[in-house]
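Q: Please take a close look at the buried part of this structure and at how the pieces around it pack. I would like one connected account that I can follow residue by residue.

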Amino acid sequence: AVEGARRSVLPAYRLGSERFFAGSPLYDVDIAMGYLYPPGFAALTAPFWSLGVPFDEVIWRILGFAVLTFALFRQTLALGGEQRLWTFSVAAFFAIPLCAGAMRNGQTTIILAGACWLMLLAARENRAAPLFVWTIIAAFAKPTAIVVILLVAAMRPRCIPILLLAVAIVFLIPFGFAPPAYVLQQTGDFLTLLTAMSAGVEKVFVAADFTAPLIQFGFEPSK
């Protein structure tokens, strides 16, 4: 984390925040690289980047680790039993190393994984407030959260109003930080970007998750 941009994706997040408050375009739908997150993410994460390197790098990674660890802890409680501490320790021993690459880079994938995990637990336990909060966090973290949101909607139809409200909040928050015309333009570009990202076949980044060792040995999971 203290090495700055050499092993970090945070420069893309910082750039998004800078462009948002400058009223500049956030997205390049032609190449689908750089800032790839909802407009509200750029607004709400700005306080992190104002801390400067390396403080923002360290705190951001601690936040991701905390969300994922909390999700693991909540899952341990949900499983019950007398050996909860043992269960949590063993699960952490196997889970944390698998996320080491994404944690090292500071990717929002860590927050996404923890938030989606907690979202599913909240839906299973019919806990409306946590479901609402973790749905917002997951949707801010990465647009791929829509897959889990749709899964929760299919599993628990009674949760659909909560999910819809949470997604609406994600798109409404930027209006509190920038002119409506600008937010509408960026939201439209963001929605266009979602389809543009699914159409390309080129490799635009090197895998840093659990598939990285497989790719090093010649196995392409995407094929």
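A: A residue counts as buried when its relative accessible area is under 20%, as exposed when that area is over 50%, and as partly exposed in between. The model is predicted. On this definition, 38% of the 223 residues of the protein chain are buried.

The secondary structure consists of 12 helices and 0 strands, so the order of elements from the N terminus reads α-α-α-α-α-α-α-α-α-α-α-α. Among contacts in the chain with a separation of 6 or more, 70% join residues that are 24 or more positions apart.

Start with the core. The largest nonpolar core holds 44 residues, and Met119, Leu131 and Val152 have the most contacts inside it. Elements giving two or more residues to this core are H1 (10-22), H2 (39-44), H4 (55-79), H7 (109-124), H8 (128-141), H9, H10 and H11 (180-199). H7 supplies the largest share, 8 residues. Apart from this core there is another one, of 5 residues, including Leu68, Cys99, Ala102 and Met103.

Met119 is a useful place to look in detail. Leaving out residues up to four places away in sequence, Met119 touches Leu131, Trp134, Thr135, Ala138, Val148, Ile149 and Val152. Two of these partners, Leu131 and Val152, are named with Met119 as having the most contacts inside the largest core.

Val152 leads on to the next pair of helices. H9 (residues 145-155) and H10 (residues 160-172) have axes that come within 9 Å and cross at roughly 160 degrees. That angle makes H9 roughly antiparallel to H10, the cut-off for this term being over 145 degrees. The crossing of H9 with H10 is left-handed. On the H9 side the contact is made by Ile149, Val152 and Ala153, which meet Ile160, Leu163 and Val167 of H10. By class, these are 6 nonpolar residues, with no polar and no charged ones. Ile149 and Val152 therefore appear both in this contact and among the residues that Met119 touches, where touching means heavy atoms within 4.5 Å.

H7 also packs against H4. The axes of H4 and H7 come within 8 Å and cross at roughly 30 degrees. These two helices are therefore roughly parallel to each other, since angles under 35 degrees count as such. Their crossing is left-handed. From H4 the contact takes in Trp60, Leu63, Gly64, Phe65, Val67, Leu68, Phe70, Ala71, Leu72, Arg74, Gln75 and Ala78, and from H7 it takes in Ile110, Ile111, Ala113, Gly114, Ala115, Trp117, Leu118, Leu121 and Arg124. Sorted by class, the contact of H4 with H7 has 16 nonpolar, 3 polar and 2 charged residues. One of the H4 residues in it, Leu68, belongs to the core of 5 residues.

H4 has a further partner in H1. Here the helices pack at an angle of about 105 degrees, with their axes 11 Å apart. That makes H1 roughly perpendicular to H4. Leu10, Tyr13 and Arg14 of H1 meet Asp56, Glu57, Trp60 and Arg61 of H4. The residues of this contact divide into 3 nonpolar, no polar and 4 charged. Trp60 of H4 takes part in the contact with H1 and also in the contact with H7.

Some single residues complete the picture. Ser17 lies in H1 and is buried, with a relative accessible area of 5%. Outside the four places on either side in sequence, Ser17 is in contact with Ala42, Thr45, Ala46 and Trp49. Thr187 lies in H11. Thr187 is buried as well, because its relative accessible area is 14% and the limit is 20%. Neighbours within four places aside, Thr187 is in contact with Pro39 and Phe171.

Ala91 gives a contrast. This residue lies in H5 (residues 84-98) and is partly exposed, with a relative accessible area of 25%. The C-alpha atoms of Ala91 and Thr76 are separated by 8.7 Å, with the two residues 15 apart along the chain.

Technical notes. Residues numbered from 1 in each chain as written. Predicted model: local features only at pLDDT ≥ 70, side-chain atom pairs only at ≥ 80, totals over all residues. Heavy atoms only, no water. Axes fitted to C-alpha atoms, helices over the stretch in contact; angles between N-to-C directions. Helix = DSSP H or I, 4+ residues; strand = E, 2+ residues; numbered from the N terminus. Parallel < 35°, antiparallel > 145°, perpendicular 65-115°, else oblique. Left-handed = near helix turned anticlockwise from the far one by under 90°. Nonpolar A, V, L, I, M, F, W, Y, C, P; charged D, E, K, R; others polar. Core = buried A, V, L, I, M, F, W, Y, C linked by side-chain atoms within 4.5 Å. Buried < 20%, exposed > 50% of the residue type's maximum accessible area, 1.4 Å probe, protein only.
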